[in-house]
Amino acid sequence: LSHNPPAVPEKRMNRVLQEMGYLILVSGLTSSITFYSGYISSITAVRCYAVYLGSASLINTLFALVWLP
């Protein structure tokens, strides 16, 4: 165990986002791009679903980085 006192939550969250934030962003962006790629389908329902999932994935990624911490 470390003998250092625990850091305040703001500092801990800042450190986590500095180390992991870009990984969360890249993961979310690649998921969104993958869902948006379904837009090339000729089936209208699949195209609408692809736009819906791509947008939802992008918004969830932004919320995970900005609003939730």
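**Exercise 1. Determine where Ala 50 is placed, whether Ala 50 is buried or exposed, and which residues Ala 50 touches.**

Solution. Ala 50 is found in helix α2 of this predicted model. The next step is accessibility. A residue is called buried when its relative accessible area is under 20%. Ala 50 has 6% relative accessibility and therefore counts as buried. The last step concerns its surroundings. When residues up to four places away in sequence are not counted, Ala 50 touches Phe 35, Tyr 36, Gly 38 and Tyr 39. For one of these, Phe 35, the separation along the sequence is 15 residues, and the C-alpha atoms are 5.2 Å apart.

**Exercise 2. State how many helices and strands the protein has, and explain why it is described as more spread out than a compact globule.**

Solution. The count of secondary structure gives two helices and zero strands. For a chain of 69 residues the globule rule gives a radius of gyration of 11 Å, whereas the value for the protein is 18 Å; because this is well over the rule, the protein is more spread out than a compact globule. Along the principal axes, the C-alpha atoms fill a box of roughly 60 × 15 × 15 Å. Burial can then be considered for the whole chain: 10% of the 69 residues count as buried. The exposed area comes to about 5800 Å², and 68% of this area is supplied by carbon and sulfur atoms.

**Exercise 3. Describe how helix α1 and helix α2 are arranged, and list residues that make the contact.**

Solution. Two packed helices are described by the distance between their axes and by the angle between them. Helix α1 covers residues 9-36 and helix α2 covers residues 44-67. Their axes come within 8 Å and cross at roughly 170 degrees. Angles over 145 degrees count as roughly antiparallel, and α1 and α2 are therefore roughly antiparallel to each other. On the side of α1, the contact includes Leu 17, Gly 21, Ile 24, Ser 32 and Phe 35. On the side of α2, the residues include Ala 50, Gly 54, Ser 57, Leu 58 and Leu 65. Contacts across the sequence can also be considered for the protein as a whole. Among contacts with a separation of 6 or more, 45% join residues 24 or more positions apart.

**Exercise 4. Decide whether Ser 32 is buried or exposed, and identify the residues that it touches.**

Solution. Ser 32 lies in helix α1. Its relative accessibility is 2%, so Ser 32 counts as buried. Leaving out residues up to four places away in sequence, Ser 32 touches Gly 54, Ser 57 and Leu 58.

**Exercise 5. Place Gly 38, Thr 44 and Arg 47 in the structure, and give the accessibility class of Thr 44 and Arg 47.**

Solution. Gly 38 is in the loop between α1 and α2. Apart from residues up to four places away in sequence, Gly 38 touches Val 46, Arg 47 and Ala 50. The C-alpha atom of Gly 38 is separated by 36 Å from that of Arg 15, 23 residues apart along the chain.

Thr 44 is found in helix α2. With 57% relative accessibility, Thr 44 counts as exposed. Between the C-alpha atoms of Thr 44 and Ser 55 the separation is 17 Å.

Arg 47 is also found in helix α2. At 30% relative accessibility, Arg 47 counts as partly exposed. Beyond neighbours within four places in sequence, Arg 47 is in contact with Gly 38, Tyr 39 and Ser 41. Ser 37 is ten residues apart from Arg 47 along the chain, and their C-alpha atoms are separated by 9.0 Å.

**Exercise 6. Find where UniProt places the feature "transmembrane region", and describe the chain over each span.**

Solution. The unreviewed UniProt entry places the feature "transmembrane region" at residues 20-37 and 49-68. Residues 20-37 are 94% helix and 0% strand, with end C-alpha atoms 26 Å apart. Residues 49-68 are 95% helix and 0% strand, and their end C-alpha atoms are 26 Å apart.

Notes:
Residues numbered from 1 in each chain as written. Predicted model: local features only at pLDDT ≥ 70, side-chain atom pairs only at ≥ 80, totals over all residues. Heavy atoms only, no water. Helix = DSSP H or I, 4+ residues; strand = E, 2+ residues; numbered from the N terminus. Rg over C-alpha atoms; globule rule 2.2 N^0.38 Å. Buried < 20%, exposed > 50% of the residue type's maximum accessible area, 1.4 Å probe, protein only. Contact = heavy atoms within 4.5 Å. Areas by Shrake-Rupley, 256 points an atom, 1.4 Å probe, with all protein chains shown as cover. UniProt positions renumbered as here; feature names shortened; annotations may be inferred. Axes fitted to C-alpha atoms, helices over the stretch in contact; angles between N-to-C directions. Parallel < 35°, antiparallel > 145°, perpendicular 65-115°, else oblique.
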